[in-house]
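Thank you all for coming; I would like to take a few minutes to walk you through a structure that is new to most of this group. Please have a look at it while I talk, and I will begin with one term before I turn to the chains.

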Number of protein chains: 2
Amino acid sequence: MEAVLAKRRRKEPSVDELFKGILKGDRSTLAKGITLVESNLPQHQNKAQELIQKCLPYSGNSLRIGITGSPGAGKSSFIETFGVYLIEEHKKKLAVLAIDPTSQRTKGSILGDKTRMNCLSAKDDAFIRPSPSGSSLGGVAQKTRESILLCEAAGYSTILIETVGVGQSETAVHGMTDFFLLLMLAGAGDELQGIKRGIMEMCDGMAITKCDGQNITKALAARSEYQNALHLFPAAQSGWPPKVIATSSVTKEGLPEVWQMITEFENTVKQNNWFYQNRKEQQKNWMENTIHDSLMFNFYKHPDVQKELPLAEQAVLEGKESPFKAANRLLSYFSR
Amino acid sequence: MEAVLAKRRRKEPSVDELFKGILKGDRSTLAKGITLVESNLPQHQNKAQELIQKCLPYSGNSLRIGITGSPGAGKSSFIETFGVYLIEEHKKKLAVLAIDPTSQRTKGSILGDKTRMNCLSAKDDAFIRPSPSGSSLGGVAQKTRESILLCEAAGYSTILIETVGVGQSETAVHGMTDFFLLLMLAGAGDELQGIKRGIMEMCDGMAITKCDGQNITKALAARSEYQNALHLFPAAQSGWPPKVIATSSVTKEGLPEVWQMITEFENTVKQNNWFYQNRKEQQKNWMENTIHDSLMFNFYKHPDVQKELPLAEQAVLEGKESPFKAANRLLSYFSR
């Protein structure tokens with residue numbers, strides 16, 4: 001009898017069981033569903049696609065918020081206090097996901113250490129999921145997009161997607177969210193150090209963190225400096241002019257203003273229809289990105305390409321072969 | 001006899017004839033070589049690759065300068081007066097190329113109307129070539145990269161590559177040049193209107209144009225405003241902090257300072273080795289871009305994909321099919 005129970009316990013849940021559990025909002029089933037989506041095993045991928053297809057009609061009803069900032073900007077503290085605030089004051093069901101292109105190399109992962117978010121992870125209405133691992137940012141991004149759909153089917157109304165402001169990941173997060181928030185620690189002088197060029201121009205809002213104690217003057221100065229800098233950028237397609245808010249995870253300063261900003265944004269872009277156009281555009285881009293990533297992956301994993309690529313690169317770098325000729329040679333191996 | 005001459009005149013020059021003419025610096029042979037490179041005919045493409053391969057050892061010895069700015073910023077006037085200045089004052093051999101992603105649609109082309117550059121095109125040491133036409137920005141960019149190599153083999157020491165600051169073309173130009181100059185017309189208020197977001201962060205230098213007559217005060221104000229804004233950006237990998245210079249094509253104000261800036265940049269990045277690393281990186285990227293563009297082109301021109309793509313997009317936009325499932329369906333047609 002015990003053996004039967006153990007076997008049943010180890011048995012993987014069916015797509016239908018997962019689907020029903022997710023629709024009921026069961027957190028542990030949602031976690032299992034996301035584990036399925038994140039799996040790289042071929043037999044899991046078919047099941048995952050079936051699950052996503054089932055959840056699709058129940059998805060889309062959340063506000064998807066991207067959050068980025070360089071390491072040390074205070075992302076974890078902000079997400080913890082802001083998340084608790086949203087659950088306590090606004091009765092939100094909150095899911096927190098992450099994309100971390102560096103986790104592959106460091107074997108660490110943002111959000112990986114949930115103990116950093118003691119208060120938030122203790123909440124019944126919070127679901128926290130660390131960054132998936134994957135062979136490429138494209139793969140990781142696709143898994144996160146699919147996880148968003150499952151979280152929405154499970155009834156999460158607000159989804160925060162965290163990333164670090166290095167590499168290409170913030171572009172990926174920008175492409176899967178409705179609102180993009182940039183966290184910035186007021187420092188001395190070289191304010192944007194460590195943040196990728198271009199990232200400021202993608203944001204819908206900016207939060208200066210650690211505006212407390214001896215930091216207040218510096219933070220308020222940074223706030224107006226960034227607000228002025230943002231005015232120099234061309235108007236965003238959304239018709240929304242980005243705002244800068246000084247916040248503190250210690251005093252909770254600015255958290256209501258950040259939420260008010262996001263709500264105002266949502267109203268504005270739903271009224272002018274940009275919200276819906278952007279979502280449609282993102283859907284189309286997800287399809288195109290999947291095609292793109294798959295084509296590139298298949299090319300670079302081709303055995304002849306893998307063997308010849310280093311030689312071709314060498315010949316190009318030494319100026320012995322033109323980049324175009326080398327490319328065409330590699331392409332001919334692939335199409336053979 | 002006349003018929004024989006006419007026939008000879010119409011006969012296409014051999015790769016060897018083109019190569020020898022280009023090495024001698026013959027402008028009309030260079031023009032023919034670029035025409036060959038730009039041709040979309042398969043029999044021309046093999047000849048073109050042979051010519052490029054021959055020129056390759058003689059290429060690389062120029063300074064490649066990208067110039068962008070929105071329509072109306074005064075690019076043509078700047079290039080004309082700056083070009084004449086470089087030839088007269090610094091004895092440069094100057095080639096001017098262009099990438100224009102809009103020429104496909106408008107059937108116009110930047111640099112197409114050479115009469116706009118009367119003085120420059122009259123110079124023996126200037127070679128001006130309008131934007132090539134092509135089916136994609138990728139194709140156009142590749143042709144421009146190849147044309148750069150031919151111009152260098154022909155002894156042109158300074159190459160200006162012009163583009164308009166819309167779409168993706170400035171990223172392409174940035175990826176094939178050593179120095180990237182952004183032209184900006186001082187306007188009232190919304191300074192960056194019309195310039196793609198992110199472009200300011202790519203530039204190594206900025207020239208405020210039309211700093212003359214009644215415009216001087218406005219231009220100088222814009223100069224310090226942009227210089228302040230650029231300080232907010234993180235330090236570039238090159239180690240070079242971008243400068244802003246007020247210029248006039250009428251009074252020639254600022255032209256020596258622009259050239260001095262570019263020379264200082266060249267010295268800095270050659271000393272710290274970034275110049276050479278960047279060139280190597282670009283070579284590798286050219287190969288990767290060629291592979292990428294070719295793979296995508298072959299996918300989207302596949303007859304089954306062309307037939308099914310609009311239906312798949314429709315299903316995705318209506319939420320009937322997940323973007324990932326639709327993508328995989330299209331990919332299966334392709335690999336069949």
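Two strands are said to pair if DSSP finds at least two bridges between them. With that in hand, and keeping in mind that what you see is a predicted model, let me start at strand β2 of chain B, residues 94-99.

β2(B) pairs with strand β3 of chain B, residues 126-128, in the parallel sense and over three bridges, and within that pairing B:Val96 stands opposite B:Ile128 of β3(B). β2(B) is also joined to strand β4 of chain B, residues 158-163, by six bridges, and these strands run parallel; here B:Ile99 has B:Thr163 in β4(B) as its bridge partner.

Is β2(B) mostly covered or mostly open? It is mostly covered, since six of its six residues are buried, and this holds for both faces, with B:Leu94, B:Val96 and B:Ala98 buried on one side and B:Ala95, B:Leu97 and B:Ile99 buried on the other.

A helix in the same chain gives us another case to look at. In helix α2 of chain B, residues 15-23, the buried residues are B:Leu18, B:Phe19 and B:Ile22. They cover an arc of only 100 degrees around the axis, and therefore they sit on the same side of α2(B). Just after this helix comes B:Gly25, which takes a positive phi of about 85 degrees.

Staying with chain B for a moment, B:Ser76 has its place in helix α5, residues 75-90. B:Ser76 counts as partly exposed because 16 other C-beta atoms lie within 10 Å, a number that falls between the 12 or fewer of an exposed residue and the 20 or more of a buried one. The C-alpha atom of B:Ser76 is separated by 7.2 Å from that of B:Met117, although these residues are 41 apart along the chain.

Let me now move to chain A as a whole. Its secondary structure comes to 14 helices and seven strands, and of its 336 residues 43% are buried. If we take the contacts in chain A between residues at least 6 apart in sequence, 73% of them join residues at least 24 apart.

As for nonpolar cores, the largest has 82 residues, and those that touch the most other members are A:Leu150, A:Cys151, A:Ile159, A:Leu181, A:Met184 and A:Ile208. Another core, of 72 residues, lies apart from it, and its members include B:Phe19, B:Leu150, B:Ala222 and B:Tyr226.

How, then, are the two chains related, and what do they share? Chain A can be laid on chain B with an RMSD of 0.2 Å, by a turn of 179 degrees and a shift of 0.0 Å along the axis, which is the relation of a two-fold axis. The same surface serves both copies, in that 98% of the contact residues of chain A recur in chain B.

That contact takes 44 residues from chain A and 43 residues from chain B. On the side of chain A that touches chain B, the elements giving two or more residues are α4, α8, α10, α12, α13 and α14 of chain A, and α12(A) gives the most, with twelve residues. By type, the residues on this side divide into 24 nonpolar, twelve polar and eight charged.

How values were computed:
Residues numbered from 1 in each chain as written. Chains lettered and ligands numbered in written order. Predicted model: local features only at pLDDT ≥ 70, side-chain atom pairs only at ≥ 80, totals over all residues. Least-squares fit on C-alpha atoms with pLDDT ≥ 70 in both. Contact = placed C-beta atoms within 7 Å. Helix = DSSP H or I, 4+ residues; strand = E, 2+ residues; numbered from the N terminus. Nonpolar A, V, L, I, M, F, W, Y, C, P; charged D, E, K, R; others polar. Core = buried A, V, L, I, M, F, W, Y, C linked by C-beta atoms within 7 Å. Arc of directions from axis to C-beta.
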